[in-house]
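The following exercises ask the reader to work through a protein model step by step. Please attempt each task before reading its solution.

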Amino acid sequence: APGMARQGSGAMLASGGLGFPPQNLARVVVWEWLNEHGRWRPYSAAVCHHIENVLKEDARGSVVLGQVDVQLAPYVIDLQSMHQFRQDTGTMRPVRRNFYDPSSAPGKGIVWEWENDNNSWTPYDMDICITIQNAYEKQHPWLDLSSLGFCYLIYFSSMSQMNRQTQRKRRLRRRMDLAYPLTMGSIPKSQSWPVGASTGTPCSCPQCLLVNSTRAASNAILASQRRKLYPGAVRQSSTFAGGALWPAGPGAPAVVAGGAAKGEGLRVAGAGFAPGQGVPSAALPGLNNLNRPGTQRGAGLGARAAVPPGVPALPVKNLNGTGPVHPALAGMTGILMCAAGLPVCLTRAPKPILHPPPVSKSDIKPVPGVNGICRKTKKKQLKKSKTPEDVVRRYIQKVKNPPDEDCTICMERLVTSSGYEGVLSPRGIKPELVGKLGKCGHMYHLLCLLAMYNNGNKDGSLQCPTCKAIYGEKTGTQPPGKMEFHLIPHSLPGYTDSKTIRIVYDIPTGIQGPEHPNPGKKFTARGFPRHCYLPDNEKGRKVLKLLIVAWDRRLIFTIGTSNTTGESDTVVWNEIHHKTEFGSNLTGHGYPDPNYLDNVLAELLAQGVSEATLKD
């Protein structure tokens, strides 16, 4: 919404000098550099703390970034000219000191990242990171980034990013890191949302839509008063600043709020608005986000069955502060609509159906074609396996004359030494040696592959960072536990002709092993036993068999930081999605979902668990 301040947005500072926030107002400082695409990329929190410490000592000095991050060893920042200088190539890039709200993602140490083609993680630009975190905290099931100039949709249920043009999906993750530094002083005013200024397209975020709905309702009151004072005259209200941008067609139904989590929002009948009143039309593309995946349109039909046609529904949950829409704004909108003579009906938001009806023991049966009903895993036995050097050599062929291309691990040219020269010094592997992986043919420095292997699970397997081809048998770091599976005589939505496979995972709390993030430290296991569901058909049974293989290889769970609570050192899902909602799909983890079985087969394949595994 043009003219509306962006919460948590940083002030745009020219690269020619330092900015300072208002006195007595704490702000989070994020240092950023300008890349070749004209985008400001944030340095890590640790680097920003280092820069701020140097800044306190000498505001015109230089900052050696390699002192805090080995990968940034060639880079120096000159604080006087506000440029980053790469010593080995001479490349210079502008840098800036940007400010954000302390309650935003950088102030909390929250980093959102997407998985790149090298199988590593790249942080989003800070504005996008803050926007994603805001939507995540408000429990929105999805987020459309087109308002920020990016053609992507974020789905929190699957923790994925989808390109709206190519439909390509990438994984994303939420990571807890060091909080960015705080500072005091003075900065320019916050910039406004750069949305719709040139195209005339309205901002479709719930906050802007809700404010616009309140303005539209105010316009309706004014129009109603005018009609009483001046019968037969219809004039456009000047109260709604965006009215000229979004004229509604004659008789067009008005939609004034949406994008609320779990498919609930405000709906306003169009009959109370005069044509040309400046009310957003339902036909405009910016408002079609109301029915994006994850909003579960069908789930609320039962709750709305008694609502007369054309009467807007105001979800009750928005009045008690649990929904993403602010209760005061929701209530105010309802009052304004009533005052304008528009009927408002309260509806109760549907609740997810997490579990099936009670099942007696005699009705629980083994799954046809699957041996047993239970699998247990114990502590990982550390076998005396081959050295990391032997593992790397096993899967590669040496390349005598490598091409003049980048090694996508260290980003140095293959014809030069590895970027890990001096960091690793293994016997028999020179930094200039290049190897080609046997199956896929992708080439890397041997030293880079060794560094990648040492940074992983060290289980004797190797995964190509470019195409993700797996060499050897990939295993994970899942802690000890139990997996049960059986048939229950109930059907899942979308599979009415099939019974249901129920999987029950149970992992107790324990002590982290040497393969975990903090060996010797206690880990928690929240929400166990966890119940998951599959349809009892041919594909569902195939998925079960592969999940059993993944369980045996310790790939289903891992120990890390919870995306839901932010708690560290806890048992979390490990990139293989499960359906934990039995009779609905309000959370995005339920049925119907016609693509789920194919998607989870692809996720299992990415972990090296394929149908070929079942034939071995």
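A contact means that heavy atoms lie within 4.5 Å. The model is predicted, so to speak of local features requires a pLDDT of at least 70 and side-chain atom pairs count only at pLDDT 80 or more, while totals for chains, interfaces and linings use all residues. Residues are numbered from 1 along each chain as its sequence is written, and side-chain values use heavy atoms, with hydrogens and water left out.

**Exercise 1. The chain as a whole**

Task: Describe the protein chain by its secondary structure, burial and contacts.

Solution. Step 1: Helices (H or I, at least four residues) and strands (E, at least two) are DSSP runs, numbered from the N terminus. The protein chain has 11 helices and 28 strands.

Step 2: A residue is buried under 20% relative accessible area, exposed over 50%, and partly exposed in between (1.4 Å probe, protein chains only). Of the 616 residues, 47% count as buried.

Step 3: Take the contacts between residues at least 6 apart in sequence; 66% of them join residues at least 24 apart.

**Exercise 2. Confidence**

Task: State the average pLDDT of the protein chain and locate stretches where pLDDT is below 50.

Solution. Step 1: pLDDT is the predictor's confidence in each residue, from 0 to 100. The protein chain averages 74, and 68% of the residues score at least 70.

Step 2: Residues 187-215 have a pLDDT below 50, yet this stretch has 71 contacts in the model beyond near neighbours in sequence. Over residues 233-307 pLDDT also stays under 50, and the model has 153 contacts there beyond four places in sequence.

Step 3: Where pLDDT is low, the predicted coordinates should not be read in detail.

**Exercise 3. Aromatic rings**

Task: Classify the pair formed by Tyr-505 and Trp-573, and say where the two residues lie.

Solution. Step 1: Rings of Phe, Tyr and Trp (its six-membered ring) pair if their centres lie within 6.5 Å; planes under 30 degrees apart count as stacked, over 60 as edge-to-face and the rest as tilted. The structure holds 12 aromatic pairs.

Step 2: The ring centres of Tyr-505 and Trp-573 are 6.0 Å apart and the planes stand at 80 degrees, so this pair is edge-to-face.

Step 3: Because Tyr-505 lies in strand β23 (residues 500-506) and Trp-573 in strand β28 (residues 570-573), the pair ties together parts that are 68 residues apart in sequence.

Step 4: Tyr-505 is buried, at 0% relative accessibility, whereas Trp-573 is partly exposed at 31%.

Step 5: Tyr-505 and Trp-573 belong to one aromatic cluster with Phe-528, Trp-551 and Phe-557.

**Exercise 4. Strand β1 and its partners**

Task: Determine whether strand β1 (residues 27-34) is largely enclosed or not, and which strands pair with it.

Solution. Step 1: Since 6 of the 8 residues of β1 are buried, the strand is largely enclosed by the rest of the structure.

Step 2: Two strands pair if DSSP finds at least two bridges between them. β1 pairs antiparallel with β6 (residues 92-100) over 6 bridges; here Val-29 has Phe-99 as its bridge partner.

Step 3: Strand β13 (residues 182-183) runs antiparallel to β1, joined by 2 bridges, and Arg-27 stands opposite Thr-183.

Step 4: Strand β2 (residues 40-42) is likewise antiparallel to β1, with 3 bridges; Trp-33 has Arg-41 as its partner. β1 and β2 form a hairpin with 5 residues between them, and Gly-38 in the turn has a positive phi of about 80 degrees.
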